[in-house]
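Please go through the briefing below with the sequence and the model side by side. It moves from the chain as a whole to its sheets, a pocket and one residue.

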Amino acid sequence: MSYTVLARKWRPRRFEEVVGQEHVVKALMNSLAAERLHQAYLFEGTRGVGKTTIARILAKALNCADGVVAEPCGLCDACTAIDEGRFVDLIELDAASHTGVENMREMLENVQYTPALGRYKIYLIDEVHMLSKHSFNALLKTLEEPPSHMKFFLATTEPRTLPATVLSRCLQFSLKRISSSGIQDHLMKICEAEEGISAEPQGLLELSKAAEGSVRDALSLLDQAIAFNSGIVSADAVSSMLGSIDSSRVQGLVSALADGDGSRLLGEVSALNEHAPDYEKCLDEIMATFQRIAVIQLVGPGISEDEMDFLEKISKSMSPEDVQLYYQIALHGCRDLAICRDHRVAFEMTLLRMLAFRPTVVDNESPPDRSARKTELKQRPAEPEEGKMDQSAHIKIQDWGLLLKVLKVTGPARQLAENCVLRKTGDQRLELVMADEHMHLNTQKICERLEIALTEHLGQDISVGITMGETGSITPAQAREASESERMRIARDTIQGDSNVEAIKVAFDAVLEVDSIQSTKT
């Protein structure tokens, strides 16, 4: 008996079996129940997310023996024939191999004929974006006013390349990539239903991540994993099959980078090299780790974050600036891998570049835990300095914008401060107001960094309170933008009115590119 691959065996045959496209399924079932049928349907989305599968189920719902139904029976002659690919009134066309206008005209000549067996004659055109311009022109008139017995189903991975005239004539459904957890649950159900398959949740999760949102790719990888390890889908076997890097290796590399330990970093690379890894995937894993660290630093830990103990520890030992810098260096390192013959060398140089460009820390110490910085300042004996206020003094701030010009704060904390106005001051407390559109900056981590900068500058233990709403006056950020706009206007007027510029335009028949004019701060 021949073997049927999982991707075909477990292909959904009813709407209720479709994975992860509830928004599309619900819309189609509601329209079918109300018999509000469109002449053309466009299904768009990346590979393996269910475009042609949903189109075939829709074809069954339109031609089912029970009538036009929200869910096909799957048992009648029409449903069975469509499942087996032998229903004469469902004509499937691969646009990639039928791009010519002759193919389209031949197909359209048969549109006038009524269905042989079913209720509707349906043309399912896959990869419709591959049709030529002339083919689209030939299709347009029929697509707009087809016979009552005719339906068009179009599927594409590139909806942006379709002519607007085609898009306007179709009911469009955008299919999304399936989440890793959703694919993992689906694979687990299949493994439990199939005989002779033993699967570990972590192994299935690795397969789900590798599928990148495609259920079909996930099922193909599951087939491969079953054959690779004799029916046992373990995490180790899947990692070996995919050539993926173990999470402990990534942690070792990131930990060495956080400590600034070059010798240990090279040792981790040597240990990693023994497993012949895909270095591009290694950089992807490192970038993903830095992204999760950045989220923890600026927003806080996630609800169900993996490896939380390690991530929280690293987030406290690295500054947010370092994390952002390392991410960008890793991103550029992916480009270097593509042009370098020795991928290990390119990978190693990318990591060493992170250490080389790392800001110098006094006494080679790791950056302090920023959450403990204010406590440290509070316990430090008062040492009044020029330009700083005495510990016992109340806050006197004449101009919030002028204060920010001398305040040593960068990144999101500066953005937060510049988009606020000072409402009032109290005893060691500032009350600020910020517009709702900037509420994403109002997080505990970012406010804490602003408080630390104010504490260091004013010589007092400053706390900040932020109220969301109308600011009532211009923020420093708005003032800066207005100033820059005014400088640009003056620069443009000055250059456009310059007699030398006018002479050059006349002599060389030149055109002044106004958008290229830049102003310089003085």
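The following paragraphs and bullet points describe the fold first and local detail afterwards.

This is a predicted model, in which local features need pLDDT of at least 70 and side-chain atom pairs count only at pLDDT 80 or more, whereas totals for chains, interfaces and linings use all residues. Residues are numbered from 1 along each chain as its sequence is written, and side-chain values use heavy atoms, with hydrogens and water left out.

**Chain overview**

- The protein chain has 23 helices and 10 strands, these being DSSP runs numbered from the N terminus (helices H or I, at least four residues; strands E, at least two).
- Of the 522 residues in the protein chain, 43% are buried, where buried means under 20% relative accessible area, exposed means over 50% and partly exposed lies in between, with a 1.4 Å probe and protein chains only.
- Among contacts (heavy atoms within 4.5 Å) between residues at least 6 apart in sequence, 73% join residues at least 24 apart.

**The five-stranded sheet**

- An open sheet of 5 strands follows the order β2-β3-β4-β1-β5 with parallel pairing, two strands being paired if DSSP finds at least two bridges between them.
- Its edge strands are β2 (90–94) and β5 (171–174), each of which pairs on one side only.
- Neighbouring strands of this sheet are turned by 15 degrees against each other on average, direction ignored; axes are lines fitted to C-alpha atoms, for helices over the stretch in contact, and angles run from 0 to 180 degrees between N-to-C directions.
- Within this sheet, β3 (residues 121–126) and β4 (residues 150–156) pair in the parallel sense over 5 bridges, and Leu 124 stands opposite Phe 153 in β4.
- Helix α3 (residues 51–63) packs on the sheet and touches β1 (40–44), β2, β3 and β4, its direction making about 165 degrees with that of β4.

**The three-stranded sheet**

- A further open sheet is formed by 3 strands in the order β8-β9-β10, with mixed pairing.
- Because β8 (420–426) and β10 (463–468) stand at the edges with a single partner strand each, one side of each is left without a neighbour in the sheet.
- From one strand to the next the twist averages 25 degrees.
- Strand β9 (residues 429–434) runs parallel to β10 and is joined to β10 by 6 bridges, with Thr 467 in β10 as the bridge partner of Val 433.
- Helix α21 (residues 444–458) packs on this sheet, touching β9 and β10, and its direction makes about 135 degrees with that of β10.

**The largest pocket**

- About 1000 Å³ of space lies in the largest pocket; on a 1 Å grid over the protein atoms alone, a pocket is an open set of points where a 1.4 Å probe fits, with protein on both sides within 12 Å along at least five of seven lines, and lining residues have an atom within 4 Å of a point.
- Of the 25 lining residues, Glu 206, Lys 209, Ser 244, Ile 245 and Glu 285 are the closest to the centre of the pocket.
- Helices α9 (201–211), α11 (235–242), α12 (247–259) and α14 (279–298) each supply at least two residues of the lining, and the largest share, 6 residues, comes from α14.

**Leu 351**

- Leu 351 is found in helix α17 (residues 343–356) and is buried, with a relative accessible area of 0%.
- Leaving aside neighbours within four places in sequence, Leu 351 is in contact with Leu 253, Leu 257, Leu 265, Val 269 and Ile 286.
- Leu 351 and Gly 262 are 89 residues apart in sequence and 9.1 Å apart in space, C-alpha to C-alpha.

Methods:
Grid points are joined across faces, edges and corners, and a volume is the space filled by probe spheres set on the points.
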